[in-house]
Amino acid sequence: MTPKQVVEFAIENGAKMVDFKFMDFVGIWQHFSVPMSEFSEDTFEEGQGFDGSSIRGWQPIHASDMIIVPDPKTAKMDPFVKIPTLSLICNIFDPITKEGYTRDPRNIAIKAEAYLKSTGIGDTAFFGPEAEFFIFDDVRYDSSANQSFYAVDSVEGAWNTGREEFPNLGYKPRHKEGYFPVSPTDSQNDLRNEMVEELQNVGIRVECQHHEVATGGQAEIDMRFNSLVSMADDLQWFKYVVKNVANRNGKTATFMPKPLYGDNGSGMHCHQSIWKDGQNLFAGDKYGGLSQMALWYIGGIIKHAKALCAFTNPTTNSYKRLVPGFEAPVNMAYSARNRSASLRIPMFSNNPKSKRVEYRTPDPSCNGYLAFAAMLMAGLDGIENKIDPGQPLDKDIYGLSPEELKDIPSAPGTLEEALKCLNDDYEFLLKGDVFTPDVIEKWIEYKTEAEVNPVRMRPVPLEFELYYDI
């Protein structure tokens, strides 16, 4: 839509408020609203001022003024606000230079798309994330000087088979047996269908929904792939819809990668491909029906995988899922069909349009704008430098001996390690001014000070069980 069409759309839908949404540095949507009387076509040129020092990882207090400018192509009616409200996703600009703000994640994603076009390699990068999540009935947590705990609960939890529920009707998925059971074992089908309806109402194409492997309400809803920036926009709407539909049904949804011990965590497998002039450049006559370009792209992902994890798996909790020998693919190998490899070539169809690479290491705690941009830049580095990914690995990696695994690179074991790897390997991200040095420096600084150090310094309940009587 054009700015004029957006204003007309708002009037036609009876909007009384306009909501400006934008992504903070870490990866959580922020917003503020204005009355329709304060909104016009000029807003798309002049923007709205706000305090950038109040957003995590952004401006210092002495240079706090920022400008938010809405993107007219993102106009939707917000389905969760009582007063009819037009919703717009925005970009952040410096009020002095009028340039896009370097630490605005959406601006980074926009620059990544522009860089792809500038290389002449392709004109569109498609991404299709499969963001898994948990739906719980209760969550409680606290951490202070003398105590720390968390507790999540779900009527579906296998741990509740003996709970007095007046009556307890059973039908609770066993650990690791939540994949595809019908109702009543799958108690959340109607809830997921409601989420699908709301996703469709905001213009997101959904391919399917289902219960996921873990007990306790793990779910997956698959969106249709989209171009990089549009898919990152869709991912934010996806999280917003899932959380709000759960909330209005008296439940809570989380994209935290590993909220349960002893069962599967939530991943976000990312399908990706590069196209040019309507042709899929990843289709070819090489291994798995891929092109040489696609294999080089895989080579780039493998080479930079450890650094990528700082963006694709950006929480300390991410590495509770990325544990060798368990469900998450941590070994950087590629294979057709083999789901134990970090990079898989789906073989559901021989249609050249469906050829793609599925990177299975990422999780849904990531900031989609940063994660997609970083993966694209790694893949493009592979193409530009013709990085050989080595031979495919078609064996079950989980069953390989230590001797067989020693030459296969693996994901970092902690967020701290991932940040160190990013510090040692980020030049590929700077091409085309997509990521800038201040973004890399601030990301490492923020993640270390706000997340790594606080988690590292706190005792956890299990340590009392292990060590209290020493």
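This text walks through the ring contacts, salt bridges, backbone exceptions and one surface patch of the structure above. The model is predicted.

Start with the aromatic rings. A pair of aromatic rings is described by the distance of the centres and the angle of the planes. The structure holds 24 aromatic pairs. One of them joins Trp29 and Tyr240. Their ring centres are 5.7 Å apart, and the planes make an angle of 70 degrees. That geometry is edge-to-face, because the angle is over 60 degrees. The contact links distant parts of the chain. Trp29 belongs to strand 2 (residues 29–35), while Tyr240 belongs to helix 5 (residues 228–248). The two residues are 211 residues apart. Trp29 has a relative accessibility of 15%, so it counts as buried. Trp29 also has a charged partner: Lys21 lies over the face of its ring, 5.7 Å from the centre.

A second pair is made by Phe50 and Trp58. Here the centres are 6.3 Å apart and the planes differ by 55 degrees, which is a tilted arrangement. Phe50 is buried, and Trp58 is buried too. Both rings belong to one aromatic cluster, together with Phe22 and Tyr101. Elsewhere, Phe255 has a charge over its ring. The charged end of Lys239 sits there, 5.6 Å from the ring centre.

Now turn to the salt bridges. The structure holds 25 of them. Asp438 and Arg103 form one, with an N to O distance of 2.9 Å. This pair also links distant parts of the chain, 335 residues apart. Asp438 sits in helix 13 (residues 437–457). Arg103 sits in the loop between strand 6 (85–93) and helix 3 (105–119). How do the two ends compare in burial, partly exposed or buried? Asp438 has a relative accessible area of 23%, so it is partly exposed. Arg103 is at 14%, so it is buried.

Lys251 and Asp137 form another salt bridge, at 2.4 Å from N to O. Both partners lie in loops, and the two are 114 residues apart. The loop of Lys251 runs between helix 5 and strand 13 (252–254). The loop of Asp137 runs between strand 7 (124–136) and strand 8 (138–143). Asp137 is partly exposed, because its relative accessible area is 31%.

The salt bridge of Glu358 and Arg344 spans a stretch of 14 residues in sequence. The closest N and O atoms are 2.7 Å apart. Glu358 is in strand 18 (residues 357–359) and Arg344 is in strand 17 (residues 343–345), so the bridge ties these strands together. Both residues are buried. Salt bridges can also share partners: Asp71, Lys73, Arg106 and Asp233 are joined into one network in this way.

Polar contacts come next. Thr74 occupies the loop between strand 4 (65–70) and strand 5 (76–77). Its relative accessible area is 7%, so Thr74 is buried. What does its side chain reach? The side chain of Thr74 comes to 2.9 Å from the backbone nitrogen of Ile89.

The backbone has its own exceptions. Most residues other than glycine have a negative phi, and most peptide bonds are trans. The loop between strand 9 (148–153) and helix 4 (189–201) contains Pro167. The bond from Phe166 to Pro167 is cis, with omega near 0 degrees. Pro184 is in the loop between strand 9 and helix 4 as well. The bond from Ser183 to Pro184 is cis, with omega near 5 degrees. Lys176 also lies in the loop between strand 9 and helix 4. Its phi is near 65 degrees, a positive value in a residue other than glycine. Lys176 counts as partly exposed because its relative accessibility is 43%.

Lys386 has a positive phi too, of about 50 degrees, and is not a glycine. Its loop runs between helix 9 (368–384) and helix 10 (402–405). At 54% relative accessibility, Lys386 counts as exposed.

End at the surface. Val460, Leu462, Leu466, Tyr467 and Ile470 make a nonpolar patch of about 550 Å². Tyr467 sits in helix 14 (residues 461–467). Its relative accessibility is 48%, so Tyr467 counts as partly exposed.

Definitions and conventions. Residues numbered from 1 in each chain as written. Predicted model: local features only at pLDDT ≥ 70, side-chain atom pairs only at ≥ 80, totals over all residues. Heavy atoms only, no water. Patch = residues over 30% accessible without salt bridge, like charges linked within 9 Å, V, L, I, M, F, W, Y side chains within 5 Å. Areas by Shrake-Rupley, 256 points an atom, 1.4 Å probe, with all protein chains shown as cover. Salt bridge = Lys/Arg side-chain N within 4 Å of Asp/Glu carboxyl O. Helix = DSSP H or I, 4+ residues; strand = E, 2+ residues; numbered from the N terminus. Buried < 20%, exposed > 50% of the residue type's maximum accessible area, 1.4 Å probe, protein only. Phe/Tyr/Trp six-rings, centres within 6.5 Å; stacked < 30°, edge-to-face > 60°. Lys NZ or Arg CZ within 6 Å of the ring centre and 35° of its normal. Polar contact = N/O pair within 3.5 Å; in protein donor to acceptor, adjacent residues only side chain to side chain.
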